[in-house]
Amino acid sequence: MYQLRGHHIFCMVGYQGAGYSAEYAANMTAVHTKLQQNPQKLVQIISGPDMLCAKFPCDQENHCEERRIYERDAAILAFLGLHVGQIVTWETIEQRLKIYAKPDSIQKLCGDCTWRKFGYCEHGLNHVLDGHGLQGVKAPLP
Ligand code: SF4
């Protein structure tokens, strides 16, 4: 079973292969690929640093424990009607996105995230909203 914090649901949807480091991106690609290939994979919603945060590079300023990130987690979980501790399939998460999310949800809920300006995440969300599931990983690793 995978474990994801709230805002990483959106990050998984928006992921195209870019990350904070090669190791971070490789880990994210592995999780993303598994969820794309097997939407029945179980995901437990957790609070705080998760299996993606675990690969955040030690030589970069870490934001995983910052209050604003916890607030982003909470806002996105509330938006999707999910809660910490819940175990759901990835397919269920995509269904929640299709019910509650709109193309501008990334702009509204992701605050000051530095990745937002690239448009990957909105593109990926639209891919799910159009019924195509997770978009493929395209961008080169950093
Ligand atoms: S804008 Fe940032 S927090 Fe939002 S989905 Fe993209 S990478 Fe994740």
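Visitor: What makes β2 and β3 paired strands, and in which sense do they run?

Guide: In this predicted model, three bridges join β2 to strand β3, residues 87–89, and the two run antiparallel. Pairing requires at least two bridges, so three bridges qualify β2 and β3 as a pair. One bridge sets glutamine 44 against isoleucine 87 in β3.

Visitor: What makes β1 and β2 a pair?

Guide: Strand β1, residues 2–5, is joined to β2 over four bridges, in the parallel sense. Since at least two bridges are needed, β1 and β2 pair as well. Arginine 5 stands opposite isoleucine 46 in β2.

Visitor: Which residues form the covered face of β2, and which the uncovered one?

Guide: Val43 and Ile45 make up the covered face, whereas Leu42, Gln44 and Ile46 lie on the uncovered face.

Visitor: Why is His7 counted among the residues around the ligand?

Guide: The cut-off is a C-beta atom within 6 Å of the molecule. His7 is listed around the ligand, as are Phe10, Cys11 and Gly14, among others; therefore the C-beta atom of His7 lies within 6 Å of the ligand. Helix α1, residues 7–14, supplies the largest share of this shell, four residues. By class, the shell has seven nonpolar, two polar and one charged residues.

Visitor: Which residues have the most contacts inside the largest nonpolar core?

Guide: That core has 28 residues, and those with the most contacts inside it include Ile9, Phe10 and Cys121. Among the elements giving two or more residues to this core are α1, β2 and α6.

Visitor: What is isoleucine 9 in contact with, leaving aside its neighbours within four places in sequence?

Guide: Isoleucine 9 is in contact with Leu4, Ile76, Leu80 and Ile93.

Notes:
Residues numbered from 1 in each chain as written. Predicted model: local features only at pLDDT ≥ 70, side-chain atom pairs only at ≥ 80, totals over all residues. Nonpolar A, V, L, I, M, F, W, Y, C, P; charged D, E, K, R; others polar. Core = buried A, V, L, I, M, F, W, Y, C linked by C-beta atoms within 7 Å. Buried ≥ 20, exposed ≤ 12 C-beta atoms within 10 Å, placed from the backbone. Contact = placed C-beta atoms within 7 Å.
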